[in-house]
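Trainee: Could you show me how to read a few features of a model, one at a time?

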Amino acid sequence: MEKVWKIGVIDFGGQYAHLIASRVRRLGTYTEILSNEESLNKYKEYSGLILSGGPSSVYEENSPKLDKEIFELGIPILGICYGEQLLVHLLGGVVKQSASKEYGKAFLDKKSDSLLLEKFQKSEQVWMSHGDEVSSIPEGFEIIASTRNCKFAAIQNLEKKIYGIQFHPEVTHTEKGSELLKNFISICGTEKTWSLDEYLKRKYSEIKSEVGNKKVFMLISGGVDSTVSYVLLAKSLGKENVKGLLVDTGFMRKNEVLDLKLKLIQMKIDLNIEDASLKFYEALKGKTEPEEKRKIIGDLFLEIQSETSKKFNLNEEEYILGQGTIYPDTIESGSTKHSEKIKTHHNRVDKILEMLKEGKIIEPIKDLYKDEVRELGTMLGLDKSMVKRHPFPGPGLAVRMLSSNPQTGFKMFQELNQILSDFSNIEYKILPIKSVGVQGDKRTYSFSAVINDTIRSYDELEKISTQVTNFIPEINRVLILPFEEKISHLNFNYSRIELNKKNSDILREADAIITKFLVYRELLEKIWQFPVVLIPVGEKDKFSIVLRPVESLEAMTANFYPLDPDILKEMIIEIKKIPEIQYVFFDLTNKPPGTIEWE
Ligand code: XMP
């Protein structure tokens with residue numbers, strides 16, 4: 001049998017394991033995420049193993065451990081942060097709680113030559129984030145680098161090819177992080193054993209043999225994953241053997257459906273589109289409550305999908321179902337126990353798992369990370385605007401149209417006056433529109449405070465925003481009206497926003513303006529997501545827009561993105577050209593306490 005070269009990343013929680021695994025793939029070796037409770041036989045399939053970081057302490061009774069025999073398999077092992085502490089602990093060294101948590105940049109001082117630190121200069125910047133620390137190392141190990149506060153920043157057992165590092169090579173603040181991972185790949189002997197090019201070549205024939213003489217039916221959302229999967233299936237099986245259906249809810253982005261349809265026609269691939277927008281607008285008449293909106297949209301979506309699919313006369317003998325599941329979707333729900341995410345992905349609910357077992361579903365890109373899916377899309381001929389697009393919620397623009405009734409009975413907050421009196425020249429108003437937020441594990445539904453924009457730095461604005469939301473639970477977001485030095489004279493009136501075509505078109509227009517800026521100002525990759533929200537604030541027949549750009553790794557937490565003021569100004573000027581828009585706000589809230597979407 002042909003040898004499969006791959007490195008396993010054993011997941012000890014947090015977000016580290018996926019980050020490490022995707023970095024190693026970028027460097028040309030295939031990776032898989034593994035639980036710490038796999039059998040030794042399973043671990044033996046790998047040419048190298050990386051033990052990830054994680055939030056636990058090795059000396060706690062219930063912290064995730066490993067079978068010690070793993071160190072006798074003769075496979076190179078690299079322990080990172082918690083991974084280093086664990087291997088030290090298991091092999092007879094000591095780990096203890098350190099006096100203070102070390103977090104941030106540090107300088108790594110190389111003590112002796114090691115293959116792991118090849119191409120490292122005498123001093124290199126690294127990123128630390130740990131509470132515990134190693135205080136003595138097991139027999140057979142030596143120190144290869146230290147930082148000022150961390151004597152055992154890098155250690156090795158040369159003979160056994162076991163390495164431990166306290167810093168994080170997977171984050172960009174560790175300047176030679178990629179170099180270190182590349183060195184570990186060389187130690188494992190797996191250089192240049194994987195590329196997306198070869199993956200694609202192999203995938204065509206794998207898909208053919210998996211599907212056999214059946215055909216594939218697929219529901220397309222317009223997002224990157226389902227589109228790339230669909231094109232890949234069509235190219236592998238021939239367009240006559242795949243059928244795709246897209247349900248247009250009326251809450252898609254401007255020209256989204258048309259652009260996709262035309263692109264696929266150009267690639268000689270069919271797509272069936274069911275325009276159900278009127279049904280959605282009708283069902284949402286007068287609805288304002290976020291969860292109710294979501295439920296109506298979700299139920300109607302399934303109903304229309306199943307009705308329309310019936311028209312195709314799909315039968316199980318002839319068709320299997322295609323899904324655009326990607327790698328993190330397959331493992332974030334329980335198979336890696338220590339990962340803190342507890343949500344089951346909708347592509348992994350029980351019914352789907354059963355169908356997968358029975359071979360009734362094909363998921364052509366289920367081994368790939370998002371950045372690989374984007375690259376694959378480009379290789380298959382999709383445009384940059386399609387593959388680089390930001391994540392977009394299933395219910396679409398409907399969660400970005402705040403149709404809430406003006407809430408009465410809100411009070412002016414004593415506490416707010418007090419907090420803001422620490423900062424000079426601050427005026428504020430409360431927007432009595434509720435939006436969704438999250439604090440602790442709880443969902444909140446509260447008001448926003450708007451403050452005036454005297455010339456302050458984003459750092460200072462962030463400080464104000466955090467203090468306000470920390471001390472006043474009735475407020476979960478803080479906004480500015482950019483470039484408005486005074487707001488006391490402004491009149492924030494409240495109208496009503498129905499979820500209809502007219503209002504969706506207004507938001508579509510504003511959203512399209514922002515998308516254009518993101519593309520031409522090359523911000524698509526710097527900003528993780530940029531919701532544009534329509535709120536019922538303004539004089540008669542007028543509404544307002546909130547800009548909500550965020551930076552994030554995987555949406556569990558997020559920070560508002562400090563947008564360059566010149567670009568912000570240009571955006572506001574363009575959006576205000578939409579006749580129905582009066583004000584443009586900027587959301588200064590991190591997640592928590594605000595969610596990314598307003599709902
Ligand atoms: P929040 O607003 O909870 O959003 O901070 C986190 C991420 O999830 C996206 N989102 C959705 N994605 N279907 C999706 O596929 C949905 O119903 C949905 N709702 C929110 C949101 O855009 C953000 O990226």
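Mentor: We will go through a helix, a pocket and some backbone angles. Keep in mind that this is a predicted model.

Trainee: Let us start with helix 7. Which residues of helix 7 are buried?

Mentor: The general idea comes first. An α-helix has 3.6 residues a turn, so residues three or four places apart point the same way. In helix 7, which spans 256-266, the buried residues are Glu-256, Val-257, Leu-260, Lys-263 and Leu-264. They cover an arc of only 135° around the axis, and therefore sit on the same side of helix 7.

Trainee: What do the buried residues of helix 7 pack against?

Mentor: Their partners are helix 6 (224-237), strand 11 (242-248), strand 12 and helix 13 (384-387).

Trainee: Now the pockets. What is the volume of the second largest pocket, and which residues are closest to its centre?

Mentor: Rolling a probe the size of a water molecule over the atoms shows where empty space is left. Here the second largest pocket has a volume of about 730 Å³. It is lined by 31 residues, and those closest to the centre are Lys-254, Asp-259, Ser-385, Ala-512 and Thr-515. Two or more lining residues come from each of helix 6, helix 7, helix 13 and helix 16. Helix 16 gives the most, with 10 residues. By type, the lining divides into 14 nonpolar, 7 polar and 10 charged residues.

Trainee: Where does the second largest pocket lie with respect to domain 2 and domain 3?

Mentor: Domain 2 (196-396) and domain 3 (410-587) both give residues to the lining, so the pocket lies between them.

Trainee: On to the backbone. Which residue with a positive phi follows helix 7?

Mentor: That residue is Lys-268, with phi near 65°. Lys-268 is not a glycine, and its place is in the loop between helix 7 and strand 12 (272-275). Its relative accessible area is 62%, so Lys-268 is exposed. Glu-522 is another non-glycine residue with a positive phi, about 50°. The loop that holds Glu-522 runs between helix 16 (501-520) and strand 18 (532-535).

Trainee: Is Glu-522 buried or exposed?

Mentor: Glu-522 counts as exposed, at 61% relative accessibility.

Trainee: What about the peptide bonds at Pro-592 and Pro-593?

Mentor: Read omega for each. The bond joining Lys-591 and Pro-592 is cis, with omega about -15°. The bond from Pro-592 to Pro-593 is cis too, with omega near 10°. Pro-592 is in the segment after strand 22 (581-587), and Pro-593 is in the segment after strand 22 as well.

Definitions and conventions: Residues are numbered from 1 along each chain as its sequence is written. This is a predicted model: local features need pLDDT of at least 70, side-chain atom pairs count only at pLDDT 80 or more; totals for chains, interfaces and linings use all residues. Side-chain values use heavy atoms; hydrogens and water are left out. Helices (H or I, at least four residues) and strands (E, at least two) are DSSP runs, numbered from the N terminus. Buried means under 20% relative accessible area, exposed over 50%, partly exposed in between (1.4 Å probe, protein chains only). The arc is that of the directions from the helix axis to the C-beta atoms. Contact means heavy atoms within 4.5 Å. On a 1 Å grid over the protein atoms alone, a cavity is a set of points where a 1.4 Å probe fits but cannot get out, and a pocket is an open set with protein on both sides within 12 Å along at least five of seven lines; lining residues have an atom within 4 Å of a point. Grid points are joined across faces, edges and corners, and a volume is the space filled by probe spheres set on the points. Ala, Val, Leu, Ile, Met, Phe, Trp, Tyr, Cys and Pro count as nonpolar, Asp, Glu, Lys and Arg as charged, and the others, Gly among them, as polar. Domain bounds come from an automatic or database domain assignment.
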